[in-house]
Amino acid sequence: MNDDLAWLAQFQAQLEENPTLSPAQIAADLDLIFTNPAFEQLSFVALVKLLIESPVWQGFDYENNPYKALCLQLSMEIEAYNLGLQAEPAYHSRSHFKDVCLGITLLLGQQNVANNNGQSIQRKPGLAGMIDASNPWFLVAEEPWILLFSAIGHDFGHPGMMNTQPFEIEKKSIEKINFWLRALNLPSNFIDEFMPKVETIILATDPMYLNTLLNIIQSTSPPPTKLNYLSMLMVEADLLASSLPTHGLVLTEALAAEWQPHYPDKAQILMAPDGRLKFLQHIDFLGPHAQRLALNASRMELIEQLQKSKLISS
């Protein structure tokens, strides 16, 4: 494995070797990953290339996989686009894109996958048990790669503003991806089958859709579809870094800076003492991959800490 991602392998090894790690310790370790200088110094394209070559994604690879090259090509397209901007949004920048790609890798790294010889790489039971083929969240074939592709492109061309109508900015990102994809002269039937899945997953990242998605995932009649699970995993990857105790504060400040020119009142609310508390109370992590990372448990502990500090200050 490339030394540039050694810290990622070390985290996974520690997680599997110490299944009794507390949620607070896992969150602290995740904080260190997202603020690791080696990670921060990587370009968006360099990170995607390293992730694709990492054991997690090699384990998901399969013969004649068309998505691996498309993921790298899309990251190159987005890198070039953002380099051409006068200034990137303070939050919805390539740093955020990197966070989300790392987030989806960390999540899917908790699943049992096959190695290049087709043999299963078994994860130790650890925090929340095995995620194998008997689990409805278990991903196979192209499903992980569709998620990585969606993570790479989910905020393509984001203007650093809020939607004025549902899915407005997400639809524009999808349009950019679709236009780029069709310019590659790929078979139209491939794109026609691929893009509706990408579209559904990216649309789910509209913050206003979160409660709807959470209700779908928790419904038993009808039960969630695989595309619902993929969408939830995408949203969890989108929120992962922002939920962390330390890095999350930095990202909150970045989002407030992004909003300040357009929505100063909302930026002020975001930076208010209870702004972060309200955010953490609004989100949720429901999937077994997230459970293996103790994301919801650490979120609840952080909420409790913030509530106590609020009572003390008042």
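The questions and answers below go through the salt bridges, the nonpolar core and one buried loop residue of a predicted model.

Residues are numbered from 1 along each chain as its sequence is written, and side-chain values use heavy atoms, with hydrogens and water left out. Because the model is predicted, local features need pLDDT of at least 70 and side-chain atom pairs count only at pLDDT 80 or more, while totals for chains, interfaces and linings use all residues.

Me: How many salt bridges does a search of the whole structure find?
Reply: Side chains of opposite charge can pair when their charged atoms come close. A salt bridge here is a side-chain nitrogen of Lys or Arg within 4 Å of a carboxyl oxygen of Asp or Glu. Lys68 and Asp61 form one such pair, at 2.6 Å from N to O. Searching the whole structure gives a total of 11.

Me: Which residues are linked with Arg94 in a network of salt bridges?
Reply: The side chain of Arg94 meets that of Glu79 at 2.6 Å, N to O, and that of Glu88 at 3.0 Å, N to O. Arg94 lies in helix α7 (residues 94–108) and Glu79 in helix α6 (residues 67–83), so this pair ties together parts that are 15 residues apart in sequence; helices (H or I, at least four residues) are DSSP runs, numbered from the N terminus. The residues linked with Arg94 in the network are therefore Glu79 and Glu88.

Me: Is Arg94 buried or exposed, and what is its relative accessible area?
Reply: Buried means under 20% relative accessible area, exposed means over 50%, and partly exposed lies in between, using a 1.4 Å probe and protein chains only. Glu88 is partly exposed at 29%, whereas Arg94 is buried, with a relative accessible area of 18%.

Me: Which residues have the most contacts inside the largest nonpolar core?
Reply: A nonpolar core is a set of buried Ala, Val, Leu, Ile, Met, Phe, Trp, Tyr and Cys residues joined through side-chain atoms within 4.5 Å. The largest one has 91 residues, and those with the most contacts inside it are Ile104 and Phe149.

Me: Which backbone nitrogen lies 2.8 Å from a polar atom of the side chain of Asp206?
Reply: Asp206 is found in the loop between α10 (188–203) and α11 (210–217), and at 4% relative accessibility Asp206 counts as buried. Leaving aside neighbours within four places in sequence, Asp206 is in contact (heavy atoms within 4.5 Å) with Asn163, Pro166, Phe167 and Glu170. The backbone nitrogen at 2.8 Å from the Asp206 side chain belongs to Phe167.

Conventions. Helix = DSSP H or I, 4+ residues; strand = E, 2+ residues; numbered from the N terminus. Polar contact = N/O pair within 3.5 Å; in protein donor to acceptor, adjacent residues only side chain to side chain.
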